[in-house]
Every structure is written in structure tokens, then in C-alpha cells.
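Reader: Before we go through the labels used here, please show me the sequence and the model. I would then like to ask what stands behind each term.

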Amino acid sequence: MNFSLYIAKRYLISASKNNAINIINGIASVGIIVGALALFVVLSVFSGLKDFSLSFSNDFDPDIKISNITGKTFLVTPQQISKISQLNGVFNASRIIEERVLFLFDGKEQVTFIKGVDSLFSKVNPVNKNIYQGEWFEPNTNQVVVGYGICQKLSLGLFDFNHPFEVFVPKAGKGLIENPESAFNKCKLAPVGIYAISEDLDSKFVFADLGLTQSLLDYKPNQISAIEIKLQSNADEKTIINQIQTIFSNKVTVKNRAQLNDSLYKMLNTENIAVYLIFTLVIIIALFNLIGALIMMILDKKNNLKTLFNLGTEVKDLRKIFFLQGTLLSVFGGIFGLILGIIIVLLQQQFQLIMITPTLAYPVIFSFQNVAIVLVTIISLGVVASWIASSRVSKKLLEDF
């Protein structure tokens, strides 16, 4: 066995005759354990919150969205739709139209988006699974599904035959408006469902049939705002995007889910980095205890070090003893703290011990990536702290004794 490693292990497991040094070593060990535990739990909680936040947008955002490079709409042929649907890895594709319009109900008005979708939309986006009341609309009708936030603002209910729910869309054209009645396309809608996902999304869309929306906006039958695509679980996203660009001769913009929520992903990733750096700073402060404990150990073992030095042990080997001791303490402390953190995270996942609301548990996600991040962080900082402390062992220190 390596001489320095053998001595380091003996120093690590044996108690010192000086009780103060034992207390300092205990504090250093607890600091490493608590630091590893806290870092893992916080990263797991943040992973859960990130996944929880993205789950709301995932109900609206497809895996891939095709839109026009310039302008709101573009023309698509049945052949292009067929080619997209036949691509390897594509589960389904849906044509949509999004436009901001005016809705009126019982003297109240609301400007928001109408989203015209075809019959395949529910196979691309699971919005129909979030129906709070009623049901999804029937194709080729004037039925609509309204967000819960919009219903609250308009005091809108389902199947209210006494007060019509109307939509107004300005007609395209030039010149002065002589008759306000002829300046708008309008239609009476029949709300048959209310969806509820999040406060922002519930106030954003009124879902309607694609044909009805095209008629309101005076669009051509093949004129749409975008194509939303759902991929199979084993799909090669990058390859599919390149194939779609080929189908449309690079005249469209193709974005994946992360690109559609670019600002949200950047915000969450920035927060994740900030949280990691803050807790890393806490660990660095805790490792000052390790440096102090190793220096105190060096002073306590000066007699032994002097003896080993006189017997021919080189200074670099004596330094290596305390370097390995500190490294081993960091490794074992980090692993033990990580095990405690994993237990806490798994208990929260299984038994929902901590609740945000009476019905919503604090979201946590166990991730091997977080395990690796904690181990690398603790061990790396422990190695640096051990190197700093072990550098105090010098020939001058031993000769002056």
C-alpha cells in the first residue's frame, strides 16, 4: 500500500489526543456533509420547479413548429403536408391559424387570440385533456373552446343562449370606412368547452375550427399561420428539421420547443446557474473549516512528521499525507451527504412531505446529472482545499521544530 495513503487513512479514522482538534475535524466533516446534502436537494428542487414550469407551456407548444420567415401566413400544399406526415419520426402534423381579434359577450369585450386548428390538432397538442368544463369542439362548426381566464373577464358560461358570444375581425382593405358594419367580419360562436392550464395561457386563446377561422380572416383554404408537429419518442429532431427545410425549399422557419420558449429556457437556466454558484460559495466557505482542520492536524502531528523526516521521508510525501487525508474526507463526506440528500428527495417524491398548497407537493426530480454535479463540485473543491492546507508542510517547518 502507498505509504502516504496508509498514514492518511490512519489519521482520518483515528482520534487526536487533543480534543479541540477532534471538534474542529468534526465541524469540517459536518460542513462537507451538509454542503453536499444542501446542494443536491436544492438542485433537485430546482429541476422539479423547472419541469413544473415548462409543463404548462408544453401543453401548448409542439415539438416542432413551422412558420413563415416573413409575414404572418404562408401557403401550404397537400403534397407538402403529406411529405411531412411521412417523415420518419413524425407522429402527426396539424395546420393552425393564430390571429388577435375582438370578442364580445353581454356588453363586455376582450382582445385576444383566436386559434384555428384542424381535426388533427388534439393528436399534436393535448389541450383537450385540460378541459375544465364541457368538451372539445366538433370540426366544421362554430363551436369554440375558451380559456378559463377569458371566461372570467367576460363572465362567460357555456350554452348561454340569451347572450351571443361574438367575434369581430377587421376586413383587409384600403380607404376610409364609410359603414362600420361592413368594416368587420363577424360571427356568433358557441362556447362548448373551457380549458384551464395556467393564468397566462388561460387568457390567451379561443380555439376554433380551422375553416371557420380562415373564413373570418378571408384566408385561402391553403393559407395558414403555422404547422405544429408532434414527434415520436425516438425521433431524430435535427434530421427532421433539415428534411422539413428541404420540403419547403428553406423558405420557412422551423423551431423546436426550446427555441419557441427561448426566453423562458434562458431565464430558468440562468436561475439554475445562479443557485448553483450561490451554494458552491457556501461549500467553499464550509471548506475553510477543512483547511483549518488540516493545518491544526499538521501542527498536532509535528513530532511524527519530524520523526518521518529524519528517517528519510521526503517533504513531498509528508505533504501528500495531508493532501490525501483532506481529499478522502471530502470524498467520504460528499458521498455521505449525497446519500442523505437522495433519501430526502426520494421521500419527497414518494410521500409528498412538503406541500406548496394543500393539493400541490413541492416538485423534486432525482437526476444522475445532479449527482455527478455534486460529486464533482465537492471533490474538486476538497482537492483544492487539501492542496492549500498540505502546502503548509515544508522543510523549514520541520527544521524549526
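**Labels and their cut-offs**

Reader: What makes E3 and E7 a pair, and in which sense do they run?

Author: DSSP bridges join E3 and E7 at 4 places in the antiparallel sense, and because two strands pair if DSSP finds at least two bridges between them, E3 and E7 qualify. Within this pairing, leucine 104 stands opposite glutamate 166 in E7. As to the basis of such statements, this is a predicted model, in which local features need pLDDT of at least 70 and side-chain atom pairs count only at pLDDT 80 or more, while totals for chains, interfaces and linings use all residues. Residues are numbered from 1 along each chain as its sequence is written, and side-chain values use heavy atoms, with hydrogens and water left out.

Reader: Which other strands does E3 pair with, and over how many bridges?

Author: E3 is joined to E4 by 10 bridges and to strand E11 (residues 226–231) by 6 bridges, in both cases antiparallel. Valine 101 has threonine 112 in E4 as its bridge partner, whereas serine 94 is matched with glutamate 228 in E11. E3 and E4 also form a hairpin with 2 residues between them, and aspartate 106 in the turn has a positive phi of about 50°.

Reader: How many helices and strands does the chain have, and what makes a run count as one?

Author: The protein chain has 13 helices and 14 strands; these are DSSP runs numbered from the N terminus, with at least four residues of H or I for a helix and at least two of E for a strand. Strand E6, covering residues 143–147, is joined to strand E8 (residues 184–195) by 5 bridges in the parallel sense, and glutamine 143 has alanine 190 as its partner in E8. E6 also pairs with strand E9 (residues 205–209), here in the antiparallel sense over 2 bridges, with valine 146 opposite valine 206.

Reader: Why does lysine 115 count as buried or exposed?

Author: Lysine 115 has 1% relative accessibility and so counts as buried, given that buried means under 20% relative accessible area, exposed over 50% and partly exposed in between, with a 1.4 Å probe and protein chains only. Lysine 115 lies in strand E4 (residues 108–117). Beyond neighbours within four places in sequence, its contacts (heavy atoms within 4.5 Å) include Phe60, Ile96, Phe205 and Glu228.

Reader: How do you know what kind of contact the side chains of lysine 115 and glutamate 98 make?

Author: The two side chains come to 3.4 Å, and this counts as a polar contact because the term covers a pair of N or O atoms within 3.5 Å, where within protein one must be able to donate a hydrogen and the other to accept it, and residues adjacent in sequence count only if both atoms are side-chain atoms.

Reader: What makes serine 155 buried, exposed or partly exposed?

Author: Serine 155 has a relative accessible area of 48%, so it is called partly exposed. Its place is in the loop between helix H5 (148–154) and strand E7 (165–170), and its phi is near 55°, a positive value in a residue other than glycine. Phenylalanine 159 lies in that loop between H5 and E7 and likewise has a positive phi of about 55° although it is not a glycine.

Reader: How does the span of helix H12 compare with what is expected?

Author: Helix H12 (residues 368–390) has 23 residues and reaches 32 Å from first to last C-alpha, close to the 33 Å expected at 1.5 Å a residue; the expected span is 1.5 Å times one less than the number of residues. Its buried residues, among them Val374, Ile378 and Gly382, pack against helices H2 (19–58), H9 (262–300) and H11 (315–351). Serine 330 in H11 is in contact with Ile378 and Gly382, among others.

Reader: What does the radius of gyration say when set against a compact globule?

Author: The protein chain has 32 Å, where a compact globule of 401 residues would have a value near 21 Å; the radius is taken over C-alpha atoms, and the globule rule is 2.2 Å times the number of residues to the power 0.38. The C-alpha atoms fill a box of roughly 105 × 50 × 40 Å along the principal axes.
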